[in-house]
Amino acid sequence: DELAAVEEADRPALVADLVTGWRDGRIKLWTTWKALTARRAHRDLFLEGDYQPIEPTGPLERHCVAFARRHGDRWLVAAVPRWLTGVTEAGRPPVGEVWEGLTLPLPDEAPSEWRCALSGEAVAARGGGLAGVDLFARLPVALLLAPADRPEPSSR
């Protein structure tokens with residue numbers, strides 16, 4: 001069974017394999033599974049959290065949609081690319097340096113330290129925002145959660 005195979009894999013190697021082999025559909029299965037797992041673990045945040053739109057800035061701002069949710073001291077940020085024709089050359093995944101210059105400005109009270117529920121990687125805000133190259137370093141989608149014991153908000 002495909003899900004059992006991806007559950008047991010080494011995450012960095014799995015993420016790289018899913019991105020390069022996107023045509024086989026495993027990346028959709030895995031992303032959906034990880035997002036639903038995060039939703040189950042943070043039910044109140046997903047269902048009752050305040051919706052806060054994020055307006056990306058930079059040369060690829062129109063190619064990204066993002067929002068934050070906040071429930072008490074818990075936060076999440078979801079970001080996805082869109083309209084990718086012309087952003088990367090054919091066959092090249094929209095990850096890494098492709099997103100140079102893209103920033104997701106965060107609300108003033110947002111945390112500065114995050115962990116991606118999909119890739120497992122830590123992502124830090126810089127200068128009050130999340131850099132696209134960090135956000136989409138390995139995957140062309142991000143679901144960030146602020147750790148429960150997190151540092152103070154990033155300086156503005």
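This passage describes the sheet, the internal cavities and the largest pocket of a predicted model.

The strands of the model form an open sheet of 6 strands with antiparallel pairing. Read across the sheet, the order is β1-β2-β3-β8-β5-β6. Strand β1, covering residues 50-54, lies at one edge, and strand β6, covering residues 122-124, is the other edge strand. Each of these two strands pairs on one side only. From one strand to the next, the twist averages 25°.

Within this sheet, strand β2 spans residues 64-71 and strand β3 spans residues 74-81. The two run antiparallel and are joined by 8 bridges. In this pairing, Arg69 stands opposite Leu76 of β3.

Enclosed space was examined next. The structure contains 2 cavities of 30 Å³ or more. The largest cavity has a volume of about 60 Å³. Its lining is made up of Cys116, Ser119, Glu121, Val123, Asp134, Leu135, Ala137, Arg138, Leu139 and Val141. Sorted by class, the residues lining the largest cavity comprise 6 nonpolar, 1 polar and 3 charged. Val123, one of the lining residues, falls within the range of edge strand β6, residues 122-124.

The second largest cavity holds about 30 Å³ of space. It is lined by Arg11, Pro12, Val15, Ser119, Glu121 and Arg138. Here the division by class is 2 nonpolar, 1 polar and 3 charged residues. Ser119, Glu121 and Arg138 appear in the linings of both the largest and the second largest cavity.

Apart from the cavities, the model has pockets, of which the largest has a volume of about 340 Å³. The largest pocket is lined by 15 residues, and those closest to its centre are Val19, Trp22, Pro93, Pro94 and Pro140. Helix α3, formed by residues 26-41, gives the most to this lining, with 3 residues. By class, the lining of the largest pocket consists of 8 nonpolar, 3 polar and 4 charged residues.

In summary, the predicted model has an open sheet of 6 strands bounded by β1 and β6. It also has 2 cavities of 30 Å³ or more, and its largest pocket, of about 340 Å³, takes 3 of its lining residues from helix α3.

Terms used:
Residues are numbered from 1 along each chain as its sequence is written. This is a predicted model: local features need pLDDT of at least 70, side-chain atom pairs count only at pLDDT 80 or more; totals for chains, interfaces and linings use all residues. Side-chain values use heavy atoms; hydrogens and water are left out. Two strands pair if DSSP finds at least two bridges between them. Helices (H or I, at least four residues) and strands (E, at least two) are DSSP runs, numbered from the N terminus. Axes are lines fitted to C-alpha atoms, for helices over the stretch in contact, and angles run from 0 to 180 degrees between N-to-C directions. On a 1 Å grid over the protein atoms alone, a cavity is a set of points where a 1.4 Å probe fits but cannot get out, and a pocket is an open set with protein on both sides within 12 Å along at least five of seven lines; lining residues have an atom within 4 Å of a point. Grid points are joined across faces, edges and corners, and a volume is the space filled by probe spheres set on the points. Ala, Val, Leu, Ile, Met, Phe, Trp, Tyr, Cys and Pro count as nonpolar, Asp, Glu, Lys and Arg as charged, and the others, Gly among them, as polar.
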